[in-house]
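Work through these exercises with the model open beside you. Try each task before reading its solution.

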2 protein chains.
Amino acid sequence: MNISTRFPVAVHTLILLNISQPGTATSDFIASSVNTNPVVIRRITSMLGRANLVEAKAGIAGAKLKKPLSDITLLDVYKAVNVVGEGQLFAVHDNSSIKCEVGRHMHSTMTTILARAQQAMEQVLAQTTVADVAGDIAQLEGVVFPDYFMQPSL
Amino acid sequence: MNISTRFPVAVHTLILLNISQPGTATSDFIASSVNTNPVVIRRITSMLGRANLVEAKAGIAGAKLKKPLSDITLLDVYKAVNVVGEGQLFAVHDNSSIKCEVGRHMHSTMTTILARAQQAMEQVLAQTTVADVAGDIAQLEGVVFPDYFMQPSL
DNA sequence: ATGATGTGAAACTATTTTAGTTACATTTCA
DNA sequence: TGAAATGTAACTAAAATAGTTTCACATCAT
């Protein structure tokens, strides 16, 4: 089990959109950086659009960010691409025998406890912005991204 | 996406093993409380056995706990039933283009950040024991489990 | 010792999710 | 008008999960 790569790919996409010259970050371009199919990227920008993080129009190259990266947390992205449902990180079996003194309380008890664990995880995501991620990468790369623009092709 | 029900079912199983009279908590019995197939339960007790939480022998009814429930954390169970690999809660795409200044750092950067989120979640699991879960259930049921034994059949 | 009972494990199925792919209608713009 | 994009549907392949059947083997009471 693991959480879909849609999430990190969405982060990757947002960063490229941010540092690319207008009209150059096509789904083809992003896909070639991520090393996947352009449709995979479009599916993701479509989800980011529904979450109001980007604005994309048919026929127009390169989606536009609707907020600065510093206003987008990893939790925002995680929720936008729908990798884990609300309180659904853990599946809990939900048809235990009502006749069993233990079984009849397992679902509610475990659900409550595991929701706390999920919250702790999501809280960490809420504390990091996509700008922080971009900053980490810029530092590794030895550049400062706001002054830096991608080449229109790799 | 969500984490397998093996985990809560394993907790359910441990509690039943603890409060059942010796030799009565067969995989059949537990399965009828969980409402699943006995083989599913045996697969789980087998994993719990490999993690040294229970001892089960072929032919002998009802696995035996190797530790009191108060010495078994939810994290122990979660690891025993192998629902999430070490640092593998989040999948991160791992073949970004090396030619891309962003792509070439995405994997390491995201992996580091997401590992922190996973740790936060697992830390919550480490803070709760199976005895705590049993206690919650006993309270809902209005009994005290150490003095309470399951009926050999539901 | 024998038969009933139970566990361990392999093998198979159905379902779900993800990622990748093809294809095509539609929009934008030079 | 035509090249270049996007949006979306539909299909495939792969992986994980849960359930099921089957059977060898261990245990134990009689």
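**Exercise 1.** Is Glu141(A) buried, partly exposed or exposed? Place the residue in its helix and find its partners.

*Solution.* The model is predicted.
- Start with the element. Glu141(A) sits in helix α6 of chain A, residues 130-141.
- Next, accessibility. The relative accessible area of Glu141(A) is 21%. Buried requires under 20% and exposed over 50%, so Glu141(A) is partly exposed.
- Now gauge the helix. Val130(A) is 11 residues from Glu141(A) in sequence, and their C-alpha atoms are 16 Å apart.
- Set aside neighbours within four places in sequence. Glu141(A) then contacts Glu101(B), Arg104(B) and His105(B).
- Finish with the side chains. Those of Glu141(A) and Arg104(B) form a polar contact of 2.5 Å.

**Exercise 2.** At what angle do α1(A) and α3(A) pack, and which residues make the contact?

*Solution.*
- Take the elements: α1 covers residues 6-19 of chain A, and α3 covers residues 38-50 of chain A.
- Their axes are 10 Å apart, at an angle of about 80 degrees.
- Classify the angle. Values from 65 to 115 degrees count as roughly perpendicular, so α1(A) and α3(A) are roughly perpendicular to each other.
- List the α1(A) side: Arg6(A), Val9(A), Ala10(A), Thr13(A) and Leu14(A).
- The α3(A) side has Ile41(A), Ile44(A), Thr45(A), Met47(A) and Leu48(A).
- Sort the contact residues by class: 7 are nonpolar, 2 polar and 1 charged.

**Exercise 3.** How do α2(A) and α3(A) cross, and which residues make their contact?

*Solution.*
- Helix α2 of chain A spans residues 27-34.
- Its axis and that of α3(A) come within 8 Å and cross at roughly 110 degrees.
- That angle makes α2(A) roughly perpendicular to α3(A).
- From α2(A), the contact uses Ser27(A), Asp28(A), Ile30(A), Ala31(A) and Val34(A).
- From α3(A), it uses Pro38(A), Ile41(A) and Arg42(A).
- By class, this contact has 5 nonpolar, 1 polar and 2 charged residues.

**Exercise 4.** Which residues are closest to DNA strand C, and which element gives the largest share of the surface near that strand?

*Solution.*
- Count the surroundings. DNA strand C has 26 residues around it.
- The closest are Ser4(A), Thr5(A), Thr36(A), Arg43(A) and Ser27(B).
- Look at the DNA side. Of the strand C atoms within 4 Å of the protein, 62% are sugar and phosphate.
- Check a phosphate contact. A polar side-chain atom of Thr36(A) is 2.6 Å from a phosphate oxygen of strand C.
- The backbone takes part too: an N or O atom of Gly62(B) lies 3.4 Å from a phosphate oxygen of strand C.
- Check a base contact. A side-chain N or O atom of Arg42(B) is 3.1 Å from a base nitrogen of strand C.
- Assign elements. α3 of chain A and α3 of chain B each supply at least two residues. The largest share, 5 residues, is from α3(B).
- By class, the surface near strand C has 10 nonpolar, 11 polar and 5 charged residues.

**Exercise 5.** Which residues are closest to DNA strand D, and which element gives the most to the surface near it?

*Solution.*
- Strand D is surrounded by 26 residues. The closest are Ser27(A), Ser4(B), Thr5(B), Thr36(B) and Arg43(B).
- Of the strand D atoms within 4 Å of the protein, 60% belong to sugar or phosphate, and the rest to bases.
- Begin at the phosphate. A side-chain N or O atom of Thr5(B) is 2.2 Å from a phosphate oxygen of strand D.
- Move to the bases. The side chain of Arg43(B) places an N or O atom 2.7 Å from a base nitrogen of strand D. For Arg43(A), a polar side-chain atom lies 3.4 Å from a base nitrogen of strand D.
- Two elements give two or more residues here: α3 of chain A and α3 of chain B, residues 38-50.
- α3(A) gives the most, with 5 residues.

**Exercise 6.** Where does Asn35(A) lie, and what is its phi? Do the same for Asn82(B).

*Solution.*
- Asn35(A) is in the loop between α2 and α3 of chain A. Its phi is positive, about 70 degrees, although Asn35(A) is not a glycine. With a relative accessible area of 45%, Asn35(A) is partly exposed.
- Asn82(B) is in the loop between α4 (74-80) and α5 (103-126) of chain B. Its phi is positive at about 55 degrees, and Asn82(B) is not a glycine. Its relative accessibility of 48% makes Asn82(B) partly exposed.

Technical notes. Residues numbered from 1 in each chain as written. Chains lettered and ligands numbered in written order. Heavy atoms only, no water. Axes fitted to C-alpha atoms, helices over the stretch in contact; angles between N-to-C directions. Helix = DSSP H or I, 4+ residues; strand = E, 2+ residues; numbered from the N terminus. Parallel < 35°, antiparallel > 145°, perpendicular 65-115°, else oblique. Contact = heavy atoms within 4.5 Å. Nonpolar A, V, L, I, M, F, W, Y, C, P; charged D, E, K, R; others polar. Near = heavy atom within 4 Å. Polar contact = N/O pair within 3.5 Å; in protein donor to acceptor, adjacent residues only side chain to side chain. Buried < 20%, exposed > 50% of the residue type's maximum accessible area, 1.4 Å probe, protein only.
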